[in-house]
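Q: Please take a close look at the main pocket of this model and the charged side chains around it. Begin with the cysteines, so that covalent links are dealt with before charge pairs.

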Amino acid sequence: MIRIESCGRTDVGLRRVNNEDSFVSSPELGLLALADGMGGAASGEVASGIFADTVRELFSAGLPSAEEEAEELVRKTFLLGNQRIRELAVRDPRHKDMGCTGEMVVFTDEGYVVGHVGDSRIYLFRGGRLRQVTKDHSFVQEQVDKGVLTPEQARVHAYRHMILRAVGIHDSLAVDLISGKAYPGDIFLLCSDGLSDMIEDSLIESTLASDLSLEEKADHLVRCACDAGGHDNVTVVLGLVLLSG
């Protein structure tokens with residue numbers, strides 16, 4: 001079985017008055033998750049909280065050992081979270097149009113399964129190199145894919161926060177599922193755009209490559225995002241693979 005060490009950190013940042021991010025860091029279950037809420041007032045944190053609670057509930061009995069079963073449970077988690085957010089939005093008009101991004105990493109006997117919706121991100125640090133595992137469901141990413149914008153232009157574009165897919169916005173939800181092998185020393189990073197918008201990937205890579213402890217790496221990443229301006233809530237979840245099956 002794959003064993004992991006994990007930790008999570010979140011910070012309101014320097015320009016927001018409330019924190020709409022939620023996260024799950026459960027090394028005993030081999031479970032990592034993150035959600036970045038949206039909807040204004042208190043609705044964003046309600047939506048991200050519903051997603052995180054749904055993750056904890058559906059995985060409370062433990063993780064499936066087989067990849068196909070894990071993928072099905074991850075998909076079910078996203079769909080149930082989507083349904084619960086929409087039902088509350090209908091019952092309580094204060095939460096109309098609330099939603100959130102959703103990121104999950106679960107570990108099976110031999111590898112990992114990623115679930116992804118929105119523009120929060122999952123990175124994999126392996127062999128000294130950082131790789132973005134997920135692709136943003138955003139307007140600017142779509143323009144990059146079409147060759148209209150460069151990644152550098154997308155990073156500062158006025159519509160860089162316009163996302164095209166989120167949990168809780170529509171009755172149906174398409175979930176990206178990505179799976180692969182996991183190896184000792186791999187570090188998975190889940191982060192809200194409060195991190196990825198504020199610091200370059202090269203700084204993330206050098207931090208993860210450093211001799212700092214996992215908790216110190218998470219603290220350092222959050223501090224760097226705040227030092228760069230802290231325009232949004234900043235949330236970081238790190239999972240270090242200790243032993244692979």
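A: The count of disulfides (pairs of cysteine sulfur atoms within 2.5 Å) comes to zero. This is a predicted model, in which local features need pLDDT of at least 70 and side-chain atom pairs pLDDT 80 or more, while totals for chains, interfaces and linings use all residues. Residues are numbered from 1 along each chain as its sequence is written, and side-chain values use heavy atoms, without hydrogens or water.

Two cysteines illustrate the absence of such bonds. For cysteine 191, the closest cysteine sulfur belongs to cysteine 224 and lies 13 Å away, which is too far for a bond. Cysteine 191 is also buried, at 0% relative accessibility (buried is under 20% relative accessible area, exposed over 50% and partly exposed in between, with a 1.4 Å probe and protein chains only). Cysteine 226 likewise has cysteine 224 as the source of its closest cysteine sulfur, and here the separation is 9.5 Å, again too far for a bond. The relative accessible area of cysteine 226 is 13%, so this residue is buried.

Charge pairs are present: the model has 15 salt bridges, each a side-chain nitrogen of Lys or Arg within 4 Å of a carboxyl oxygen of Asp or Glu. Among them is the pair of arginine 121 and aspartate 136, whose side chains meet at 2.8 Å, N to O. Arginine 121 belongs to strand E7 (residues 121-126), whereas aspartate 136 sits in the loop between strand E8 (129-132) and helix H3 (139-145), so the salt bridge ties together parts 15 residues apart in sequence. Helices (H or I, at least four residues) and strands (E, at least two) are DSSP runs numbered from the N terminus. Both partners are buried, arginine 121 with a relative accessible area of 15% and aspartate 136 with 11%.

A second salt bridge joins glutamate 200 to arginine 155, with the closest N and O atoms 3.6 Å apart. Glutamate 200 lies in the loop between helix H5 (193-196) and helix H6 (201-209), and arginine 155 in helix H4 (residues 151-156), so this pair connects parts that are 45 residues apart in sequence. Glutamate 200 is partly exposed at 46% relative accessibility, and arginine 155 is partly exposed at 27%.

Both of these salt bridges lead to the largest pocket, since Arg121, Asp136 and Arg155 are, with Pro151 and Ala154, the lining residues that lie nearest its centre. A pocket is an open set of points on a 1 Å grid where a 1.4 Å probe fits, with protein on both sides within 12 Å along at least five of seven lines; lining residues have an atom within 4 Å of a point. The largest pocket holds about 470 Å³ of space, counted as the space filled by probe spheres set on points joined across faces, edges and corners. Its lining comprises 19 residues. Helices H3, H4 and H5 each supply at least two of these residues, and H4 gives the largest share, four residues. By class, the lining has ten charged residues (Asp, Glu, Lys and Arg), four nonpolar ones (Ala, Val, Leu, Ile, Met, Phe, Trp, Tyr, Cys and Pro) and five polar ones (the others, Gly among them).
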